[in-house]
Amino acid sequence: MDIAISCYQPLLPGPDMIRLLRLLPDEGGNAPIQCQLFNYTLQESGRRTHPYDALSYVWGDWVNPESIFIRGHQLPVTQNLFKALSSLRYRSIERILWVDAICINQHDKSEKARQIRFMAKIYAQANRVIVWLGEGADNSDQAIEEIRVAGGGKKFSNSSSPEMIQQAILPLLRRPWFRRIWILQEVAAARHILIICGSAEIDGYAFCLGVGSLNLYNADPELQSLIRSVTYLIQGAIFRPKYAMSRSDISSLDICPLGELIDMYHTHEATELRDKIFALLGMSSDDLSKTGLLPNYEVPWEELFHHLVKFLLYDKISVETLGHEQIVLIESKGCILGEISSVQSNITWGGSQSVDVISNTVSRQLGYEEGRSVHWTLHTSAKSIQNGDFVCLLQGASKPTIIRLHDSHFDIIVVAAMPPEEIFKLSQSRKPRNFALIWDWETPLGEVQDPEQHETLLQKKDWEPEHSMIQFKGHLRKVSRTREVAIIFEDLKLYKKAEEKIQEAMEGYEIAAAGGHQATVQHLLVTGEVDVDSKYKDGATLLWLAAKGGHGTMIKLLLGTGKINAAGAGRERGWTALEAAAEGGHLTAIELLLQAKAEVDATGYRGRTALQAAAGGGHLTAVELLLQAKAEVNTAARYGGRTALQAAAGGGHLNVVERLLKEKAKAAAEGGHLPVVERLLEEGAEVNAAAAPGYGGRTALQAAAGGGHLNVVERLLKEKAKVNAIAAREGGRTALQAAAEGGHLAIVERLLEEGAEVNPAAPGYGGRTALTIEGCLRKLGGADK
């Protein structure tokens, strides 16, 4: 027999018509549960409440269901509901209840949708809301008693220790009821709440006071946000207005905007996905009449999720979902307003938290100084805000979104935060950028979001229609997103992060081009989708970035656009592309740039040439390529005055030194690398020659002494190095003064044996002698005072 036909009659016409359950008494307590259903109207009656109790509970699963009887007809219910009814049944008088699983015909989707629209009113006008946590277990009676005692101002009862209290209460707070999303509206609407667990019961307000006074969360920090979100609603029951507000064809408690409710509670659980939205509508202060969000179980989940995102952010925003999953991809233009610099971890019982937002790119025309922070108090959120999160205002959105970088996209932490007016002023000097955002409802509190699932969603969306001629693969889309992240970091003056991301993108283009998508990448460059003339920090161009990373295929494609003159290509300040390639020893990049007529002796970073960069890095093959291109060997860098040979010697690169000596380079020694020094001396290097003024004007002996290289000092002394020569720069120090300042006792002893003069004063060091140089009195104890 059809359950709907046997147990239910259509609701009578009229506004606010509901069914109530008459739970019949049982003197013995073991008889089958007998009930009656009857129609009832919630129309205004001048009363604050109506004479029924509304039950708040978890349905539970349908394994081994029990049966109740309605006017003699059998109706299956879950075991948890059956136990709740058994507990609530009086022995001698009937009890009037509202129970959603029974009072709403769950097989009639139309009725279900209509009834859900004013569930807030049903709970708000109930005489009392009874919370059923389940049967007694795991010392739940003790837990309820300890919470009651704590609510009265005592730490714990006489027979309990803090450990025993925690062991009893934590299992109670982990019960499924606290995680269900429907219970939020049920307790938010209530005027009086009674909490029952097995045979124990406690007033709702007393429960909140008790739980709030106990320090329970060190053992399970995840519970803090979860329990506070529920107790915050329970403790407000006694302050509720007389009636629930009605708007948009739905009864509402008018607590706060829907976006804030979603941020706070979207990680709560529901058997039916659509209920994760419908269960919050009754608390919303928004007008939802034209949003497509009103309860309707005929609307697919993905369509409902789309409606929600567009309502909260912007109607024309791009939204993509993964079928019946709780995860959505949002693509939009927007701008970063600032970065979260601090978070107040002690979330208040009033449902708010505090953060500081700092902006490094505020326009001075707005009256702000760069780096100024704005204090911001906002609602609690299901996902914890962290230092380093960003505040973003998406195009068309009325409220900012708090986001967190995750590889090539951003995760949404708070979708719609109510900001202070100062936050909005930060957007006036921003240029809109492209954002790819993931909003994930599935990941439970405290767990890491699934990167593979995110990437599946990111790869699902086809490229924009105007580029339909090119079928973008997931890899190239990720590269494009990474490049957009780099641009955003540039705007924020986070230059190190920006360069890391743009190098990551460049590597991605290289892999794509070398892996069969060369035509696609070339199309991007030629059409300007990827701007070949774009510049990053210090004027770094794409060609320079490709050269620095050794991305030969990208260099070839960039040069092939005809938009770049390799002869002068590179940075506006700092490095040339050839120098960048040489420093990394990237042979293919060097060859391509030389073939494109890059100037082999052009100077870049601190006046270096490509040869000096390659020599300093010890890249012998790169040095060979540059020498074949007629690189000038003896040129000294503008800053530091080092030649290629000095750069190689300073790095201890003997094979490079050998090669440069064959080119009859000027010899010099520094750095404490004895094999290099030996080889230079064999080639007739001038022992007492001083380095160029930009490098301190030191002799080899002074350099070795200052560095504490005793073996090099010994070798130089054998070659008659001048012990008492003074440096042309660096304060006019002698070798002895350099060794003394470095605290190199063995070298000091050796120089004294060679007749080093102890008392000459260094003119550039305040006239100090070796003896007065800090830290050397003990080491020079034998010197003439």
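Biologist: Why is Asp254 called partly exposed in this predicted model?

Modeller: Its relative accessible area is 28%. Buried needs under 20% and exposed needs over 50%, so a value in between gets the label partly exposed. Asp254 sits in the loop between β11 (250-252) and α11 (258-265), and its phi is near 60°, a positive value in a residue other than glycine.

Biologist: And Asn64, what makes that one exposed?

Modeller: Asn64 has a relative accessible area of 56%, and exposed means over 50%, so the label fits. Asn64 isn't a glycine either, yet has a positive phi of about 50°. You'll find Asn64 in the loop between β3 (50-56) and β4 (66-70).

Biologist: Back to α11, where Glu260 lies. How do you know that Glu260 has no salt bridge?

Modeller: The nearest side chain of opposite charge, Lys399, is 4.4 Å away. A salt bridge has to be within 4 Å, so this pair doesn't make the cut. Glu260 is buried all the same.

Biologist: Why does Lys399 still count as a contact of Glu260?

Modeller: Contact means heavy atoms within 4.5 Å, so a pair can touch without being a salt bridge. Glu260 also touches His379, Ala416 and Met418, leaving aside residues up to four places away in sequence.

Biologist: Which residues have the most contacts inside the largest nonpolar core?

Modeller: Trp98, Ile102, Trp177, Leu308 and Trp439, in a core of 137 residues. Beyond four places in sequence, Trp439 touches residues including Ile262, Phe305, Leu308 and Ile412. There's also a second, separate core of 54 residues, with Leu545, Ala598, Val600 and Val623 among them.

Methods
Residues are numbered from 1 along each chain as its sequence is written. This is a predicted model: local features need pLDDT of at least 70, side-chain atom pairs count only at pLDDT 80 or more; totals for chains, interfaces and linings use all residues. Side-chain values use heavy atoms; hydrogens and water are left out. Helices (H or I, at least four residues) and strands (E, at least two) are DSSP runs, numbered from the N terminus. Buried means under 20% relative accessible area, exposed over 50%, partly exposed in between (1.4 Å probe, protein chains only). A nonpolar core is a set of buried Ala, Val, Leu, Ile, Met, Phe, Trp, Tyr and Cys residues joined through side-chain atoms within 4.5 Å. Lys and Arg count as positive and Asp and Glu as negative; His and the chain ends are not counted.
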